[in-house]
Amino acid sequence: MGLFGFIKNQFIEVIEWTDNTTDTMVYRFPVENKEIKMGAQLTVRESQIAVFINEGVIADVFYPGRYTLSTENMPIITKLKSWKFGFNSPFKAEVYFVNSKQFTDQKWGTSNPIMMRDKEFGMLRLRGYGIYSYGVTNAEIFLKEVFGTNQKFDTESISGQLKRTIISGITDLIGESKIAALDLAMNYDELSEQAKNKLQPKFYEFGFELKTLIIENLSLPEEVEKVMDKRTSMGVLGNLNQYTKYQAAEAIRDAAQNPGMGGIGASIGAGAAIGNVMTESLKGNSYSQNKPEVSIVECPHCHSQVPSNNKFCPECGKSLEQLKNKCNKCGAEINSNTKFCPECGCAQNIEKLCSKCNTKLSPTAKFCPECGNAND
């Protein structure tokens with residue numbers, strides 16, 4: 001090193017970092033021989049954290065602002081006192097700039113299917129993908145646990161670890177939630193929020209904070225999707241029997257109109273087939289229209305629900321026909337166990353005595369059978 005280079009190396013440094021990339025997480029300031037001089041000016045911009053390491057130990061952490069550094073590497077004097085080290089000062093110091101901004105649009109996806117148990121379809125294999133974002137919140141933990149002593153570090157260096165952590169957490173969450181496969185789509189937001197909370201402690205271990213996690217899609221296997229499409233089609237068609245007959249009639253008509261299907265004979269046969277289909281359809285309609293409707297009545301004895309065309313109750317075996325009686329007052333026909341007449345409201349089953357000889361009379365008796373007295 002010449003005298004000019006030696007003197008130039010002793011000037012007070014201005015330590016700063018302007019990031020022109022989108023994925024750099026850590027940058028080590030390239031100081032000559034890793035020596036920080038006394039009074040060096042450190043500028044930390046927004047979305048940055050500067051970590052000052054002196055003699056291999058984290059000495060301080062600096063947040064956005066301007067700072068004056070003091071180290072044991074004093075300009076000129078240190079160099080003059082370091083002849084025995086060949087001008088290579090034994091006092092080393094470094095500054096690491098940690099990018100604290102949010103790293104967005106980080107993609108995750110399942111490399112292997114997620115196995116889950118569904119009540120309707122049984123065992124299923126799901127595939128999913130989405131995006132997430134994170135940022136460095138604890139620079140000390142990040143430098144110690146992840147970064148080490150590299151020159152630079154970007155998001156690609158740790159994306160594999162983070163993706164596998166996310167997939168593991170989401171797989172476990174889907175298994176615990178027991179949400180039906182057909183209902184997964186309506187629960188993406190809830191599952192995303194639960195997955196974020198579940199995975200946050202794992203990110204803290206690296207010095208990160210998981211800002212957002214979004215589940216964009218959870219797809220079913222192709223064979224299951226085909227079954228779902230068939231069920232949807234059946235629901236849209238409604239009466240499958242009528243649709244089958246319609247399809248058969250359409251096919252027979254097309255065959256009759258096709259001149260390459262046997263000419264007149266084929267047309268006659270097609271016409272007969274159409275007639276058979278229509279006959280069967282009309283039979284089905286007439287049967288459904290003439291089919292008697294059976295109402296439900298209550299057994300007067302055990303109060304079970306019984307078809308009205310039954311004569312005896314299948315539960316208690318008693319006759320469903322009720323004994324008839326006449327109202328004490330209006331003479332309307334009522335059931336024998338009726339307490340009040342539904343026509344006039346008069347109380348029934350009240351003992352009736354002759355007004356002259358006190359003989360017990362039937363409720364409908366107009367004259368006493370003993371004395372012949374009129375009892376209205």
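In this predicted model, the largest nonpolar core takes in 45 residues, and the ones with the most contacts inside it are Met-25, Val-26, Val-98, Tyr-134, Phe-142, Phe-208 and Leu-213. Helix H4 puts in the largest share of this core, with seven residues. Phe-142 gives a good feel for how the core is wired. Leaving out its neighbours within four places in sequence, Phe-142 is in contact with Met-25, Val-26, Val-98, Val-136, Phe-147, Phe-153, Phe-206, Gly-207 and Phe-208. Apart from this core lies another one, made of 14 residues, and Val-44, Ala-50, Phe-52 and Leu-69 are among them.

Zooming out for a moment, the protein chain has eight helices and 18 strands. Of its 376 residues, 31% count as buried. The chain exposes about 23700 Å², and 52% of that comes from carbon and sulfur atoms. As for how the chain folds back on itself, take the contacts between residues at least 6 apart in sequence: 57% of these join residues at least 24 apart.

Next comes the five-stranded sheet. This sheet is open, its strands run in the order S5-S4-S7-S2-S11, and the pairing is antiparallel. Strand S5 (57–62) and strand S11 (152–154) sit at the edges, each pairing on one side only. From one strand to the next, the twist averages 15 degrees. Starting from the S5 edge, strand S4 (residues 48–54) and S5 pair in the antiparallel sense over five bridges. One of the residue pairs here is Asn-54 with Val-57, the latter being the bridge partner in S5.

Two helices pack on this sheet. Helix H3 (residues 139–147) touches strand S2 (24–28), S4, S5, strand S7 (93–99) and S11, and its direction makes about 100 degrees with that of S7. Helix H4 (residues 156–177) also packs on the sheet, touching S2 and S11, with a direction at about 40 degrees to that of S11. H4 is also the helix that supplies seven residues to the largest nonpolar core.

A second sheet is made of three strands. It is open too, with the order S1-S3-S6 and mixed pairing. S1 and strand S6 (65–68) are the edge strands and each has a single partner strand, so one side of each is left without a neighbour in the sheet. The mix is easy to follow from one strand pair to the other. S1 and strand S3 (residues 41–44) pair in the parallel sense over two bridges, whereas S3 and S6 run antiparallel and are joined by four bridges. On the parallel side, Val-14 has Gln-41 as its bridge partner in S3, and Ile-15 stands opposite Leu-42 in S3. On the antiparallel side, Thr-43 stands opposite Arg-66 in S6.

Ile-15 deserves a closer look. This residue belongs to strand S1 (residues 14–15), and its relative accessible area is 0%, so Ile-15 counts as buried. Thr-68 is 53 residues away from Ile-15 along the chain, yet the C-alpha atoms of the two are separated by 9.9 Å.

Backbone geometry throws up a couple of oddities. Most residues other than glycine have a negative phi. Asp-105 is not a glycine, but its phi is positive, at about 55 degrees. This residue is placed in strand S8 (residues 103–109), and with 47% relative accessibility Asp-105 counts as partly exposed. Lys-178 tells a similar story: phi is near 55 degrees, again a positive value in a residue other than glycine. Lys-178, however, is found in the loop between H4 and helix H5 (188–204), and its relative accessibility is 72%, so this lysine counts as exposed.

Finally, the cysteines. The structure holds zero disulfides. Cys-330 has 40% relative accessibility, so it counts as partly exposed. Cys-371 is partly exposed as well, its relative accessible area being 34%.

Definitions and conventions
Residues numbered from 1 in each chain as written. Predicted model: local features only at pLDDT ≥ 70, side-chain atom pairs only at ≥ 80, totals over all residues. Heavy atoms only, no water. Pairing = 2+ DSSP bridges. Axes fitted to C-alpha atoms, helices over the stretch in contact; angles between N-to-C directions. Contact = heavy atoms within 4.5 Å. Buried < 20%, exposed > 50% of the residue type's maximum accessible area, 1.4 Å probe, protein only. Areas by Shrake-Rupley, 256 points an atom, 1.4 Å probe, with all protein chains shown as cover. Disulfide = S-S within 2.5 Å. Core = buried A, V, L, I, M, F, W, Y, C linked by side-chain atoms within 4.5 Å.
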